[in-house]
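Please open the model in your viewer and keep the sequence panel beside it, since this short tour moves from one selection to the next.

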Amino acid sequence: MFFKKTPTISTTELENKLSEKPQIIDVREPHEFKIGHIPGAKNIPLAKVSTYTPKGQVYVVCQSGMRSKRATKILLKQGHNVINVRGGMMAWAGAKKGGKN
């Protein structure tokens with residue numbers, strides 16, 4: 001109970017779900033988000049994630065997977081259905097919106 005495992009998904013698994021239009025939040029800072037993000041992702045910086053109320057299942061991504069893991073834990077404690085994206089944007093090989101591909 002004390003060491004509850006954080007639910008995670010790989011970037012490849014998430015990329016395979018994009019056709020289902022999953023709810024994705026990117027917890028990086030706005031300037032990082034503008035450089036390039038997953039199409040359809042919503043930018044909710046980590047500092048503001050505790051005030052965000054997702055509707056249904058949500059995938060959480062950041063640059064490397066550390067901030068998203070913290071954000072996932074915050075949202076899980078609030079009772080939301082959230083999954084951390086392991087490896088973050090550094091591991092993302094799929095399409096990106098914004099910035100340069």
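Is Lys-21 buried or exposed? Select Lys-21 and show its surface: Lys-21 is exposed, because its relative accessible area is 72%, where exposed stands for over 50%, buried for under 20% and partly exposed for what lies in between, with a 1.4 Å probe and protein chains only.

This is a predicted model, in which local features need pLDDT of at least 70 and side-chain atom pairs count only at pLDDT 80 or more, while totals for chains, interfaces and linings use all residues. Residues are numbered from 1 along each chain as its sequence is written, and side-chain values use heavy atoms, with hydrogens and water left out.

Next, colour the backbone around Lys-21, which sits in the loop between α1 (11-17) and β2 (23-26); helices (H or I, at least four residues) and strands (E, at least two) are DSSP runs, numbered from the N terminus. Then add Pro-39 to the selection: 18 residues separate Lys-21 and Pro-39 along the chain, and their C-alpha atoms are 9.5 Å apart.

Now select the whole protein as a cartoon, where four helices and five strands can be found, arranged along the sequence as β-α-β-α-β-β-α-β-α. With the view along the principal axes, the C-alpha atoms fill a box of roughly 40 × 25 × 25 Å.

Finally, colour by burial, and buried residues will make up 42% of the 101 residues. Showing contacts (heavy atoms within 4.5 Å) gives a last view: of those between residues at least 6 apart in sequence, 65% join residues at least 24 apart.
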